[in-house]
Amino acid sequence: MGESHSRISAWWVFPISAIVWWICGFLPWLAQLSYQVTGVAQASDTAAAGLLPLPFTADGAVVGLVVMALFGGVLAGATARLARSAGAGAGAAIAGTLLAMAGAGGASWWLAARETVPGDAMPVGMLVVTCAAGIVGLGAGLLAGLGPAALRGVALALPVVLVDGWFWGFVPGNEVSPTGTWWVLAVALGIAFGLTVDSRPIELLGWLPAAGAVWVLQAAGPALLAVQENIWPGSALTEDPLSAVAIAAGKIASAAIVADGHQLGAWVVALLLGAAIAALRLSREAADESELSEAWA
């Protein structure tokens, strides 16, 4: 009862989701631009030409675009939970995120079309990558915010394995690229596991599909890097973008059945943290129900 009163109108979710997708999702890119302006990091050719809302250079930008657009989409989709009505909140979050994509992508494409970026930039292809990753993230965010407890961890599996690249993007001069940082994975995975529980201990079983999804998708970072290495203007992969799916799927499939690169130690920390978060949520639910029953008595 108290939670529903504390929620906001779906009209507010619309601008919030748009701001969250770009400002929060692409915060590492904005931070790098500020480093270059202030002299903390060396300015690239793209930065010297002017501000681009999205990093549209072909070299080293594909993985960063995927990670930031996906992460922003997850956060924007989750803002639907702020609304009093789940349906209205979801609609507002979708509309706001699509508006942000159109605005940031259109502005970047227009600037790139004016030849303010290096010749190896592929603005149309980068725009497609941004939109695809953003929509995937938006779907995951909506499911994480409004879906059943058993599916929340699954929805957060891909963002969890890519989030360390987002954090590394804040290091001056560093690209947004997943490097398999175990403690970032452990914290993110623990939070995702903890969110799979709503009010019943049986919902802890939601950890199982979430854990399986994370195990498989831990190869997503290397798969994206393998795709990026084969992208440049005129390359075979650029001429046939569907082959990128085959490369990524092959990398993920081969890594899904072996223990190498899965950072098993991080899973112990993640499970302990997830159990602590789940216990806290269950205890809060029990306390709220107790207070409600006493109020009705």
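**Helix packing and nonpolar cores in an all-helical model**

The secondary structure of the protein consists of 15 helices and zero strands, as seen in a model that is predicted. Of the 297 residues in the protein, 44% are buried. Among contacts in the protein with a separation of 6 or more, 79% are accounted for by residues 24 or more positions apart.

The largest nonpolar core comprises 58 residues, and within this core Trp-21 and Phe-26 have the most contacts. The element that gives the most to this core is helix H5, spanning residues 62-78, with eleven residues. A second core, separate from the largest one, has nine residues, and Ala-10, Ala-83, Ala-90 and Leu-138 are included in it. In soluble globular proteins, nonpolar side chains tend to be buried together. When neighbours within four places in sequence are left aside, the contacts of Phe-26 are with Trp-21, Leu-54, Pro-55, Leu-65, Met-68, Ala-69 and Thr-130.

Helix H5 also packs against helix H12, the two axes coming within 8 Å and crossing at roughly 140°. An angle over 145° would count as roughly antiparallel, and H5 and H12 are therefore oblique to each other. On the side of H5 the contact is made by Val-62, Val-63 and Val-66, and on the side of H12 by Leu-224, Leu-225 and Gln-228. In terms of residue class, this contact of H5 with H12 contains five nonpolar residues, one polar residue and no charged residues. Helix H12 itself, which covers residues 220-229, is mostly covered, with seven of its ten residues buried. The buried residues of H12 are Ala-220, Gly-221, Ala-223, Leu-224, Ala-226, Val-227 and Gln-228, so that Leu-224 and Gln-228 are both buried and part of the contact with H5.

A further pairing joins helix H6, made up of residues 86-113, to helix H7, made up of residues 123-146. The axes of H6 and H7 come within 10 Å and cross at roughly 165°, and these two helices are therefore roughly antiparallel to each other. Their crossing is right-handed. From H6, the residues taking part are Ala-86, Ala-90, Ala-93, Ile-94, Thr-97, Met-101, Gly-105, Trp-109 and Ala-112, and they meet Pro-123, Val-124, Leu-127, Cys-131, Gly-134, Ile-135, Leu-138, Leu-142 and Leu-146 from H7. The residues of this contact divide into 15 nonpolar, three polar and no charged. Two of the participants, Ala-90 of H6 and Leu-138 of H7, are also included in the second nonpolar core.

Within H6, Gly-105 counts as buried, its relative accessibility being 0%. Apart from neighbours within four places in sequence, Gly-105 is in contact with Leu-54, Phe-56, Ala-100 and Leu-127. Of these partners, Leu-127 belongs to the H7 side of the helix contact, while Leu-54 is also a contact of Phe-26. Gly-105 and Phe-56 lie 49 residues apart in sequence, yet their C-alpha atoms are 9.4 Å apart in space.

Towards the later part of the chain, helix H9 (residues 157-168) and helix H10 (residues 182-194) pack with their axes 9 Å apart and at an angle of about 130°, which makes H9 oblique to H10. The crossing in which H9 passes H10 is right-handed. In this packing, Val-160, Val-161, Val-163, Asp-164 and Phe-167 of H9 meet Val-184, Leu-185, Ala-188, Leu-189 and Ala-192 of H10. By class, the contact of H9 with H10 has nine nonpolar residues, no polar residues and one charged residue.

The loop between H9 and H10 contains Thr-181, which is buried, with a relative accessible area of 10%. With neighbours within four places in sequence set aside, Thr-181 is in contact with Asp-164, Trp-168 and Gln-263. Asp-164 thus has a part both in the contacts of Thr-181 and in the meeting of H9 with H10.

In contrast to the buried Thr-181, Ile-247 is partly exposed, with a relative accessible area of 27%. Ile-247 is found in helix H14, which runs over residues 242-255. Along the chain, Ile-247 and Asn-230 are 17 residues apart, and a distance of 9.8 Å separates their C-alpha atoms.

Key: Residues are numbered from 1 along each chain as its sequence is written. This is a predicted model: local features need pLDDT of at least 70, side-chain atom pairs count only at pLDDT 80 or more; totals for chains, interfaces and linings use all residues. Side-chain values use heavy atoms; hydrogens and water are left out. A nonpolar core is a set of buried Ala, Val, Leu, Ile, Met, Phe, Trp, Tyr and Cys residues joined through side-chain atoms within 4.5 Å. Buried means under 20% relative accessible area, exposed over 50%, partly exposed in between (1.4 Å probe, protein chains only). Helices (H or I, at least four residues) and strands (E, at least two) are DSSP runs, numbered from the N terminus. Contact means heavy atoms within 4.5 Å. Axes are lines fitted to C-alpha atoms, for helices over the stretch in contact, and angles run from 0 to 180 degrees between N-to-C directions. Angles under 35 degrees count as roughly parallel, over 145 as roughly antiparallel, 65 to 115 as roughly perpendicular and the rest as oblique. A crossing is left-handed if the near helix is turned anticlockwise from the far one by less than a right angle, and right-handed if clockwise. Ala, Val, Leu, Ile, Met, Phe, Trp, Tyr, Cys and Pro count as nonpolar, Asp, Glu, Lys and Arg as charged, and the others, Gly among them, as polar.
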